[in-house]
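User: I would like to go through this model term by term, asking each time what a word rests on. Please set each value against its cut-off before you draw a conclusion.

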Amino acid sequence: MRIAIVGDVHYAPIPDNRIDDYINVCLDKITQIANYCNQVIFLGDIFSTPKVDEKYLIPLIDKLAELKEQGVKFHTIVGNHDVYNEMESRLNECSLGVLYKSRLMDVILPDRPIEIKDGNKLYKFHTVPVRYRDAIEYIKDKHYDDNDILLIHHEYETGTNKFTY
């Protein structure tokens, strides 16, 4: 089993500072990663905004569907740009919710980890709420096993015990 863990794609219309075709560059990079792995886990911020115009969303849907047919599975945690007001409960209003409802991508939520089996080993991938600013505090009372993996979208602030943006 090969798993790629990818952070902050920020798939969106071409940013002003780019001279290339950003949408196609993103799709090509996702394809290159998927050709190497059979599982791809995004660390949030697949999108730059919660709602992406259909003319940009449809090529991503088509690419993920094509790669899924080849046996690649996609998963993600929720990033602050993926949902409105950093609220996972608003997932269905967003482009990420479309990918989830289309069964093209599993969304790992704090109360809904995913499991990936590799031979006899079962790995469980967990996350913390995207709004939670102190991941250490959130996880300290949780029970995790040796094969549990915690995925966090936040950055760790040097010199403190806090994850921040």
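Analyst: A polar contact is a pair of N or O atoms within 3.5 Å; within protein, one must be able to donate a hydrogen and the other to accept it, and residues adjacent in sequence count only if both atoms are side-chain atoms. This is a predicted model, in which local features need pLDDT of at least 70 and side-chain atom pairs count only at pLDDT 80 or more, while totals for chains, interfaces and linings use all residues. Residues are numbered from 1 along each chain as its sequence is written, and side-chain values use heavy atoms, with hydrogens and water left out.

User: What makes the pair N80 and H153 a polar contact?

Analyst: The side chains of N80 and H153 are joined at 2.8 Å, a value that falls within the 3.5 Å limit, and therefore the pair qualifies. N80 itself sits in the loop between β3 and α3 (95–101), where helices (H or I, at least four residues) and strands (E, at least two) are DSSP runs numbered from the N terminus. The C-alpha atoms of N80 and D148, by contrast, are separated by 23 Å, with their positions 68 residues apart along the chain.

User: Why is N80 called buried?

Analyst: Buried means under 20% relative accessible area, exposed over 50%, and partly exposed in between (1.4 Å probe, protein chains only). N80 has a relative accessible area of 19%, which is under that limit, and therefore it counts as buried.

User: Why does T76 count as buried, and what does its side chain reach?

Analyst: The relative accessibility of T76 is 0%, so T76 is buried by the 20% rule. T76 lies in strand β3 (residues 73–77), and its side chain reaches the backbone oxygen of F42 at 3.3 Å. Taking contact as heavy atoms within 4.5 Å, and setting aside neighbours within four places in sequence, T76 touches F42, G44, I46, L96, M105, D106, V107 and I108.

User: How do you know which of D8 and D45 is buried and which is partly exposed?

Analyst: D45 has a relative accessible area of 2% and is therefore buried, whereas D8 has 37%, which places D8 in the partly exposed class because that value lies between 20% and 50%. D8 is in the loop between β1 (3–6) and α1, and D45 is in the loop between β2 (39–42) and α2 (54–69). Each has a positive phi without being a glycine, near 50 degrees for D8 and about 55 degrees for D45.

User: What makes an empty space a cavity rather than a pocket, and how many cavities of 30 Å³ or more does the structure hold?

Analyst: On a 1 Å grid over the protein atoms alone, a cavity is a set of points where a 1.4 Å probe fits but cannot get out, whereas a pocket is an open set with protein on both sides within 12 Å along at least five of seven lines; lining residues have an atom within 4 Å of a point. The structure holds one cavity of 30 Å³ or more, and the largest cavity has a volume (the space filled by probe spheres set on points joined across faces, edges and corners) of about 30 Å³. Its lining consists of I30, F42, I46, L60, L64, L99 and M105.

User: How are the linings of this cavity and of the two largest pockets classed?

Analyst: Ala, Val, Leu, Ile, Met, Phe, Trp, Tyr, Cys and Pro count as nonpolar, Asp, Glu, Lys and Arg as charged, and the others, Gly among them, as polar. The lining of the largest cavity is seven nonpolar, no polar and no charged residues. The largest pocket, of about 200 Å³, is lined by six nonpolar, two polar and five charged residues, with K73, F74, H75, R103 and D106 nearest its centre; β3 gives the largest share of this lining, three residues. The second largest pocket, of about 160 Å³, has seven nonpolar, no polar and two charged residues in its lining, to which helix α1 (residues 22–36) contributes the most, with six.

User: Why does the radius of gyration of the chain agree with a compact globule?

Analyst: The radius is taken over C-alpha atoms, and the globule rule is 2.2 Å times the number of residues to the power 0.38. For 165 residues this gives a value near 15 Å, and the chain has 16 Å, which agrees. Buried residues make up 44% of the chain, and among contacts between residues at least 6 apart in sequence, 67% join residues at least 24 apart.
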